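Here are my notes from going through this one, set out as numbered points. Have the structure open while you read.

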Amino acid sequence: MNILLELFVVTFRVLWAFVLAAAKWLVRPKEKSVAGQVCLITGAGSGLGRLFALEFARRRALLVLWDINTQSNEETAGMVRHIYREMAEAAAAPRAGDGEKDALPPCNLQVYTYTCDVSKRENVYSTAERVRKEVGEVSVLVNNAGVVSGHHLLECPDELIERTMMVNCHAHFWTAKAFLPKMLEMNHGHIVTVASSLGLFSTAGVEDYCASKFGAVGFHESLSHELKAAEKDGIKTTLVCPYLVDTGMFRGCRIRKEIEPFLPPLKPEYCVKQAMRAILTDQPMICTPRLMYMVTFMKSILPFEAVVCMYRFLGADKCMYPFIAQRKQATNNNEAKNGI
């Protein structure tokens, strides 16, 4: 009898979850504040990582930027400092206009940069310890760093396969183990996993990249369930799965030319703004564009041969081949230039 009662309650909760989800589509939830909170972003030196840093800076978060490229990371930090200065000047201007002697104090926000190779576990742990000592405990962790080898499986050196898995997937374990304990103690925090639509469905030619992103998605979902099981509702998680983003990472990737105008590469700024909206409203998952939800659903229910037919119609079965060919040509040109 008890199980029947529980079944009724579960059914009601499932239906209520649908109602709440529909309500969020109709009424945009209020965005939470991250002002003054420590936000750590991996892969902050370029691409989406840089744009995430700028968006969090505009919301007055205290930024910790990790990247393997020191120069590009410092360039991002310079952009963040410029935003901080503009906000400080804007805050001081009204008081100065009132003719008062003392203007508002400058914006008490800083940006910290660390050169870190997230593929190396020891480097992650040692850098995380420096962050705790020099900055404080991290409240928002954005696992964004990512790489792609750009080789067919049998032509891809083992070292590149290992690096793709380490950066795109394993690094999420190391950063979470470094910063999650304090989040659990405080029952407060937010973990963001920047994955990819290729972590939900795959295509040919990028086996290592797809495997790494599937791994990142699996890690994120399992961690989310673990936090729920531990009743740590103060720690939020958001999974970000964008379609192809026009950052140059997959330059040359092409789907069928008749379909391409309806599904062009995403502008990085649009992708990050959508992701920020999801993060600040504690949305568990965001696929961009929304069509990716339908593609993922169809892939889950259709027979494999039907999926193959759809891929071929869309030109998605070999969409990465032009990208791989360009990477191979660039590699050959560099080898010829260097006399290798």
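**Notes on the predicted model**

1. Let's start with an arginine. The side chain of arginine 50 comes to 2.8 Å from the backbone oxygen of glycine 45. Bear in mind that this is a predicted model. You'll find arginine 50 in helix α2, and with a relative accessible area of 16% it is buried, since the cut-off is under 20%. Setting aside neighbours within four places in sequence, arginine 50 touches Gly43, Ala44, Gly45, Ser72, Glu75, Thr76 and Met79.

2. What about the rest of that helix? Helix α2 covers residues 47-58, and at 1.5 Å a residue its twelve residues should span 16 Å; the end C-alpha atoms sit 17 Å apart, which agrees. Most of α2 is covered, with ten of the twelve residues buried. Among the buried ones are Leu48, Leu51, Phe52, Leu54 and Phe56, but also the charged pair of names Arg50 and Glu55. After α2 comes arginine 60, which has a positive phi, near 65°.

3. How far can you trust the model? The protein's mean pLDDT is 89, and 92% of the residues reach 70 or more. The stretch to treat separately is residues 99-107, where pLDDT stays under 50. For that stretch the model has twelve contacts beyond four places in sequence.

4. On to charge pairs. Side chains of opposite charge can pair when their charged atoms come close. The structure holds 13 salt bridges. In one of them, glutamate 258 pairs with arginine 256, with the closest N and O atoms 3.1 Å apart. Glutamate 258 is partly exposed because its relative accessibility is 44%, and arginine 256, at 35%, is partly exposed too. Salt bridges with shared partners also tie Glu55, Arg58, Arg59 and Lys273 into one network.

5. Helix α4 (residues 121-134) is worth a look for its charge pairs. Glutamate 129 and arginine 132 both lie in this helix, three residues apart, or about one turn. Their side chains form a salt bridge, at 2.8 Å from N to O. Glutamate 129 has 32% relative accessibility, so it counts as partly exposed; arginine 132 gets that label as well, at 26%.

6. Which arginine does glutamate 134 pair with in a salt bridge? The partner is arginine 130, and the closest N and O atoms are 3.5 Å apart. These two residues are four apart in helix α4, so about one helical turn separates them. Glutamate 134 is partly exposed, with a relative accessible area of 43%, and arginine 130 is partly exposed at 41%.

7. Now the aromatics. A search of the whole structure turns up six aromatic pairs. Phenylalanine 173 and tryptophan 174 have ring centres 6.4 Å apart and planes at 55°, so this pair is tilted. Phenylalanine 173 is partly exposed, at a relative accessible area of 35%, whereas tryptophan 174 counts as buried at 16%. Ring pairs also join Tyr125, Phe173, Trp174 and Phe219 into a cluster.

8. Histidine 190 deserves a point to itself. This residue is in strand β5 (residues 189-194). Is histidine 190 buried or exposed? It is buried, because its relative accessibility is 1%. The side chain of histidine 190 makes a polar contact with the side chain of lysine 32 at 2.7 Å, and another with the side chain of threonine 238 at 2.8 Å. Leaving out neighbours within four places in sequence, the contacts of histidine 190 include Ser139, Val140, Leu141, Met183, Lys236, Thr237, Ile279 and Asp282. As for separation, the C-alpha atoms of histidine 190 and lysine 24 are 20 Å apart, with their positions 166 residues apart along the chain.

9. Last, a residue from helix α1 (residues 2-26): threonine 11. Threonine 11 counts as partly exposed because its relative accessibility is 40%. Its C-alpha atom is separated by 30 Å from that of arginine 277, which is 266 residues apart from threonine 11 along the chain.

Conventions
Residues are numbered from 1 along each chain as its sequence is written. This is a predicted model: local features need pLDDT of at least 70, side-chain atom pairs count only at pLDDT 80 or more; totals for chains, interfaces and linings use all residues. Side-chain values use heavy atoms; hydrogens and water are left out. pLDDT is the predictor's confidence in each residue, from 0 to 100. Contact means heavy atoms within 4.5 Å. The expected span of a helix is 1.5 Å times one less than its number of residues. Buried means under 20% relative accessible area, exposed over 50%, partly exposed in between (1.4 Å probe, protein chains only). A salt bridge is a side-chain nitrogen of Lys or Arg within 4 Å of a carboxyl oxygen of Asp or Glu. A polar contact is a pair of N or O atoms within 3.5 Å; within protein, one must be able to donate a hydrogen and the other to accept it, and residues adjacent in sequence count only if both atoms are side-chain atoms. Rings of Phe, Tyr and Trp (its six-membered ring) pair if their centres lie within 6.5 Å; planes under 30 degrees apart count as stacked, over 60 as edge-to-face and the rest as tilted.
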